Amino acid sequence: RVFVARPPLFDEIDAAFHIAGKPVFFAFGDRIFNPAGVPIPPAIMAHEAVHGERQQAYDGGIEAWWRRYIADPEFRLLEELLAHKVEYEHLCVGRPRNERRFYLRQVAGKLSAPLYGNLITFDRARAALRR
């Protein structure tokens, strides 16, 4: 289910990542929040589904997952790597090699971007997505 609204804990998330007004999506269990109301591509839905499933299975619950995600860069990198891998795989299904390379660069660029706190270099992100 997708909601055109801010997710719970938005103020805490924004304080850490300065995302207010940006077209960013948030998994919160089985819900996806889309404050900007922009279209969500299928690969991003797959990405957010990974977060949602992991949040629901997280000991302590969804809010505990989010608070650890905000506070713990290593945890955040692990969670984003898992979700970005699924996003990349989703984009590559049935695509020729040149398009898969394009998507690899695109997704590695997102994973290594300031949004997540510059947790990984582009080259490391690209290598990790290929594994």
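## Briefing: helix crossing, ring pairs and odd spots

Helices α5 and α6 are oblique to each other (under 35 degrees is roughly parallel, over 145 roughly antiparallel, 65 to 115 roughly perpendicular, and the rest oblique). This is a predicted model, so local features need pLDDT of at least 70 and side-chain atom pairs 80 or more, while totals for chains, interfaces and linings use all residues. Residues are numbered from 1 along each chain as its sequence is written, and side-chain values use heavy atoms, with hydrogens and water left out.

**The α5/α6 crossing**

- Helix α5 covers residues 97–111 and helix α6 covers residues 122–130 (helices are DSSP H or I runs of at least four residues, strands E runs of at least two, numbered from the N terminus).
- Their axes come within 8 Å and cross at roughly 120° (lines fitted to C-alpha atoms over the stretch in contact, with angles from 0 to 180 degrees between N-to-C directions).
- The crossing of α5 past α6 is right-handed (near helix turned clockwise from the far one by less than a right angle; anticlockwise is left-handed).
- On the α5 side, Leu104, Arg105, Val107, Ala108, Gly109 and Leu111 do the meeting; their partners in α6 are Phe122, Ala125, Arg126, Leu129 and Arg130.

**Rings**

- There are eleven aromatic pairs here (Phe, Tyr or six-membered Trp ring centres within 6.5 Å; planes under 30 degrees apart are stacked, over 60 edge-to-face, the rest tilted).
- One of them is Phe26 with Trp66, a tilted pair at 6.3 Å centre to centre and 50° between the planes.
- That pair ties together distant parts of the chain: Phe26 belongs to strand β2 (residues 26–28) and Trp66 to helix α3 (residues 62–71), 40 residues apart.
- Both Phe26 and Trp66 are buried (under 20% relative accessible area; exposed is over 50%, partly exposed in between, 1.4 Å probe, protein chains only).
- Phe28 and Phe33 go edge-to-face, with 6.4 Å between centres and 85° between planes.
- Phe28 is buried at a relative accessible area of 5%, and Phe33 is buried too, at 6%.
- Ring pairs also string Phe10, Phe17, Phe26, Tyr58, Trp65, Trp66, Tyr69 and Phe75 into a cluster.
- Tyr69 has the charged end of Arg76 sitting over its ring, 5.9 Å from the centre (Lys NZ or Arg CZ within 6 Å of the ring centre and within 35 degrees of the ring normal).

**A buried glutamate**

- Glu79 is part of helix α4 (residues 73–92), and its relative accessible area is just 1%, so it counts as buried.
- Setting aside neighbours within four places in sequence, Glu79 is in contact with His51, Arg54, Trp65 and Tyr69 (heavy atoms within 4.5 Å).

**Loop residues to look at**

- Most residues other than glycine have a negative phi.
- His18 isn't a glycine, yet its phi is positive, at about 50°.
- You'll find His18 in the loop between α1 and β2, exposed at 55% relative accessibility.
- Asn118, another non-glycine, has a positive phi near 50°.
- Asn118 sits in the loop between α5 and α6, where it is exposed with a relative accessible area of 52%.
- Gly21 is in the loop that runs between α1 (10–17) and β2, and at 79% relative accessibility Gly21 counts as exposed.
- From Gly21 to Pro35 is 14 residues in sequence but 8.1 Å in space, C-alpha to C-alpha.
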